[in-house]
Amino acid sequence: MKLIETNSYEELSQQAAWKIISLIKDNPKLNLGLATGSTPTGVYKKLIEDHQENKTTYKEINTFNLDEYIGIPKKDPNSYHYFMCENLFDHIDIPLEQTHIPDGTAKDLEEESKRYESFIQEHGGIDLQILGIGQNGHIGFNEPGTSFYSRTHIINLAESTRKANSRFFESLEDVPSQAITMGIASIMESKEILLLVSGTSKAEALARLINGDVNEQFPASILKNHQNVTIFADKDAIALL
Ligand code: PGA
């Protein structure tokens with residue numbers, strides 16, 4: 001893993017965005033894996049600015065999101081479908097039919113998991129995956145204890161994850177207890193991974209990732225076995241290194 005230390009969240013966002021833009025310029029048909037949460041929003045802002053100023057185009061890009069809550073309709077402001085439209089898709093020239101997110105309202109969620117997994121593979125796999133990290137080391141919604149061999153699946157969210165994400169909801173009770181997420185093996189098949197880590201709340205997780213062993217109790221640790229991972233971290237996140 002390569003670690004890029006930046007002075008601020010702004011710089012982290014800019015540097016990660018430049019990296020993504022340069023890969024899109026090299027391959028305008030890039031399969032781009034996307035993440036939700038607070039961390040990537042700065043990168044998405046930079047991608048939008050660049051699209052407006054420099055006309056980088058997404059007309060042939062396909063995107064694949066990591067996860068979606070179960071039971072939240074796409075039009076609900078708390079769905080990751082809604083989040084992605086608000087924070088990125090509505091502001092760039094990507095055709096919406098080329099944006100893919102697991103359907104957390106599917107009647108048969110097992111079937112939806114299988115469909116999403118094979119759908120990614122039919123498209124040739126993910127070229128570049130953007131990831132955040134949970135304070136408990138989760139990647140996507142793969143909580144501690146998830147098998148490193150997992151494919152897209154249904155997961156029970158850890159209480160700490162529900163609490164962390166309750167800031168987006170009216171109350172903790174409103175936070176779904178389950179999600180559908182790409183598995184760890186699915187994520188590891190991406191050709192390249194950018195991990196974004198920002199803020200003091202992630203400092204412990206980053207230190208454990210860098211200094212700890214590879215262990216299913218800390219899902220992000222598997223990234224040490226991937227040959228092309230770049231971590232973009234800001235000053236607060238690297239405080240314990
Ligand atoms: P955050 O979420 O960017 O909102 O901190 C990251 C994650 O939980 O994976």
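**View 1. T39 and its partners reach for the ligand's oxygens.** In this predicted model, a polar side-chain atom of T39 sits 2.4 Å from an oxygen atom of the ligand. Right next door in the sequence, S38 joins in with its backbone: an N or O atom there lies 2.8 Å from a ligand oxygen. K202 uses its side chain instead, putting an N or O atom 2.6 Å from an oxygen atom of the ligand. On its own the ligand has 280 Å² of accessible area, and the protein covers 83% of that.

**View 2. Here is the shell around the ligand.** Zoom out a little and you can pick out the residues that surround the ligand: G37, S38, T39, G132, I133, G134, H138, R167 and K202. Sorted by class, this shell has six polar residues, two charged ones and one nonpolar one.

**View 3. The ligand's space is the largest pocket.** Take the ligand away and what you're looking at is the largest pocket, with a volume of about 560 Å³. Its lining runs to 29 residues, and those nearest the centre are I133, G134, H138, N165 and K202. Of these, I133, G134, H138 and K202 also belong to the ligand's shell. Helix 5 (159-165) and strand 4 (67-69) each put at least two residues into the lining, with helix 5 giving the largest share at four residues. The mix of the lining is 15 polar, eleven nonpolar and three charged.

**View 4. The second largest pocket has its own set of walls.** This one holds about 220 Å³ of space. Thirteen residues line the pocket, and K74, H81, C85, T99 and I101 are the ones nearest its centre. At least two lining residues come from each of helix 3 (80-87), strand 5 (99-100) and helix 4 (109-122); helix 3 has the largest share, three residues. By class, the count for this lining is five charged, five nonpolar and three polar.

**View 5. One cavity turns up too.** The structure has one cavity of 30 Å³ or more, and its volume is about 30 Å³. To find this spot, look for L32, L47, Y58, T63, L88, F89, I92 and I94, which make up the lining. Seven of the lining residues count as nonpolar and one as polar, with no charged residue in the set.

How values were computed
Residues numbered from 1 in each chain as written. Predicted model: local features only at pLDDT ≥ 70, side-chain atom pairs only at ≥ 80, totals over all residues. Heavy atoms only, no water. Near = heavy atom within 4 Å. Polar contact = N/O pair within 3.5 Å; in protein donor to acceptor, adjacent residues only side chain to side chain. Areas by Shrake-Rupley, 256 points an atom, 1.4 Å probe, with all protein chains shown as cover. 1 Å grid on protein atoms, 1.4 Å probe; cavity = no way out; pocket = protein on both sides within 12 Å on 5 of 7 lines; lining within 4 Å. Sits in = over half its atoms within 2 Å of the grid points. Nonpolar A, V, L, I, M, F, W, Y, C, P; charged D, E, K, R; others polar. Points joined across faces, edges and corners; volume = space filled by probe spheres on them.
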